[in-house]
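Here are a few exercises to work through, each with a solution in steps. Have a go at each task before reading on.

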Amino acid sequence: MTNQSLDPSQVSPVVSTPESMILTKDMTIQFGEFVAVDHVNLDVKRGEIFGFLGPNGAGKTTTERMLCGLLTPTDGSIQVAGYDMVKQPEAAKTHLGYMPQKFSLYDDLKIWENLEFFCGLYQVPKKDREQRITAKLELMQLLEFKNRITGNLSGGMKQRVSLATALVHEPPLLFLDEPTAGVDPALRQVFWTYFRKIKQSGVTIFVNTHYMDEAIQCDRLGLMNRGRLLMVDTPDGLKQRVIGGQAVDLWVSPSNSAKTLEFLKNYPLVKKVEPTGDKFRLIVTDSDEVVLELPEMLDKAEMRPLRIRPVDITLDDVFVKLIDTGPDTRRIE
């Protein structure tokens, strides 16, 4: 964010909150010959927690910095809170909070002074500032440390101060880049409880995270790799689309492996068979039905199974499958 106060004359009259808080069309940024973000189309709704996943270097932070008005796209359009982020960046910034991955507050100020500064930056009424600052420091479990110099804090505490400053003006749109990195698990849960609470009041949250237990709490996820947005869906929708169905693991004796494989290829509930030694990973339409029915059918065919169990597909499985598709990965519509 800029370190200068926002000029009220630059801010358009308040308009009703749009249904789409983030809307991009073919958003692209290129540095020399390198295309860092390649024709990304996003539509994030009001009151949605939207998670952004991808490996290091995928373009997630660059995308978020464009959405916050800190980088200008080479091509395409960006609307944030109903404002054109290229033409009206200062007006748009009054409606958002941004917590960057890299700590960017004032090291020589006390914790409460950093929050006071951001209250002034975002024109929080003076009568409300003490209450706002106290509430955010309590949320971040920082109230007893409010007079500490920010530069002397640990990495985890700096994360908490950074998040407090992003929240202090209570914006309708939050951009969070790895907000809980370095934060202990108990406090991470406090943060996510708070995120779900403010979501209920209509706040939109756009979050980059590498924690899969956090990603699964998002309403929708976007998976990015090599600057391309590969897929957007709910966590369960991603599992179904990427993996191709539900999963079951089946173990048989080595002597029956070849015969079992041929049987499974013709079994109507099995969509795909992935053999590994004496174990088969089955992608199926209904795992419960397969677990109940398949052992009996194999018994009748004299291929007694040793073990069968449903498999809980995780977002890690989805992530690895998409990212491992190699350098020629294309968008999945």
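**Exercise 1. Find what joins β1 to β2, then list the strands that β1 pairs with.**

Solution, step by step:

- Start at the turn: β1 and β2 make a hairpin with two residues between them. Strands here are DSSP runs of E with at least two residues, and helices are runs of H or I with at least four residues, all numbered from the N terminus.
- Look at G32 in that turn, and you'll find a positive phi of about 65 degrees.
- Now count bridges: β1 and β2 (residues 34-40) are antiparallel and share four of them. Two strands pair if DSSP finds at least two bridges between them.
- One place to see this is M27, which sits opposite V40 in β2.
- Next comes β3 (residues 43-45), antiparallel to β1 (residues 20-31) with three bridges; there, S20 faces K45.
- Finish with β5 (residues 75-80), which is joined to β1 by five bridges and runs antiparallel to it. K25 has S77 as its bridge partner in β5.

A quick note before going on: this is a predicted model, in which local features need pLDDT of at least 70 and side-chain atom pairs count only at pLDDT 80 or more, while totals for chains, interfaces and linings use all residues. Residues are numbered from 1 along each chain as its sequence is written, and side-chain values use heavy atoms, leaving out hydrogens and water.

**Exercise 2. Work out the strand order of the six-stranded open sheet, and its edges.**

Solution, step by step:

- Reading across, the order is β7-β8-β9-β4-β10-β11, with mixed pairing.
- The edges are β7 (96-99) and β11 (228-233), as each pairs on one side only.
- From one strand to the next, the twist averages 15 degrees. Axes are lines fitted to C-alpha atoms (for helices, over the stretch in contact), with angles from 0 to 180 degrees between N-to-C directions.
- Zoom in on β8 and β9: they run parallel, joined by five bridges, and F175 is partnered with F206 in β9.
- Now add the helices: α5 lies across β7 and β8, at about 170 degrees to β7, and α6 lies across β4, β8 and β9, at about 130 degrees to β4.

**Exercise 3. Which residues of α6 are buried, and why do they line one face?**

Solution, step by step:

- Pick out the buried ones (under 20% relative accessible area, with a 1.4 Å probe and protein chains only; exposed is over 50%, partly exposed in between). They are L187, R188, F191, W192, Y194, F195 and I198.
- Down the axis of α6, these buried residues fall within an arc of 160 degrees, so they line one face. The arc uses the directions from the helix axis to the C-beta atoms.
- On the other side, P185, A186, K197 and Q200 are exposed.
- What do the buried residues pack against? Their partners include β4 (49-53), α4 (126-139) and α5 (155-167).

**Exercise 4. Is N208 buried or exposed, and what does N208 touch?**

Solution, step by step:

- Locate N208 in strand β9.
- N208 counts as buried because its relative accessibility is 0%.
- Leaving aside residues up to four places away in sequence, N208 touches F52, K60, T61, E64, L176, D177, E178 and P179. Contact means heavy atoms within 4.5 Å.
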